[in-house]
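Here's a quick Q and A to read alongside the model. Have the viewer open and follow along.

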Amino acid sequence: MTNTNGFDRQSAQTGDERSLIKGRYCRSILKVAAISTDHEARILLNGLATEQPTPHASAAMTDAERAALAAIRELAGHQHARSAPEGSSEWMRAARAIQLWLNVQDQ
């Protein structure tokens, strides 16, 4: 059943599912970047920094995804200027934001 703005529950579920796949992918890449050389980590993080929010996701999922992507972009920016070790505040912020994104499905 479609409402007046053309956005239906099935689209939101599908968008949320795609967003969660992207969130798990981002978490995996962040883990790989943590054990990579500085150069490799920069390449991986720069790749994630180009991601855009998933279309047709629910409002809660979109908000969490945008926050995580912003934290990833901030981390990638710090990686450009200098090496941000895995335990740095930027790294921890990105990891927490991704986990919050993945936790949206549980709410």
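Q: Which residues have the most contacts inside the largest nonpolar core?
A: This is a predicted model, where local features need pLDDT of at least 70, side-chain atom pairs count only at pLDDT 80 or more, and totals for chains, interfaces and linings use all residues. Residues are numbered from 1 along each chain as its sequence is written, and side-chain values use heavy atoms, leaving out hydrogens and water. A nonpolar core here is a set of buried (under 20% relative accessible area, 1.4 Å probe, protein chains only) Ala, Val, Leu, Ile, Met, Phe, Trp, Tyr and Cys residues joined through side-chain atoms within 4.5 Å. The largest one has 25 residues, and the top contact-makers in it are Leu-30, Leu-45, Ile-72 and Ile-98.

Q: Which helix gives the most to this core?
A: Helices are DSSP runs of H or I, at least four residues, numbered from the N terminus. H1 (9-34), H2 (38-49), H3 (59-81) and H4 (89-103) each chip in at least two core residues. The biggest giver, with 8 residues, is H3.

Q: What arc do the buried residues of H2 fall within?
A: The buried residues of H2 are Ala-41, Leu-45, Leu-48 and Ala-49. Going by directions from the helix axis to the C-beta atoms, they line one face of the helix, because they fall within an arc of 100°.

Q: Which residues are exposed on the other side of H2?
A: Exposed means over 50% relative accessible area. On that other side of H2, the exposed residues are His-39 and Ile-43.
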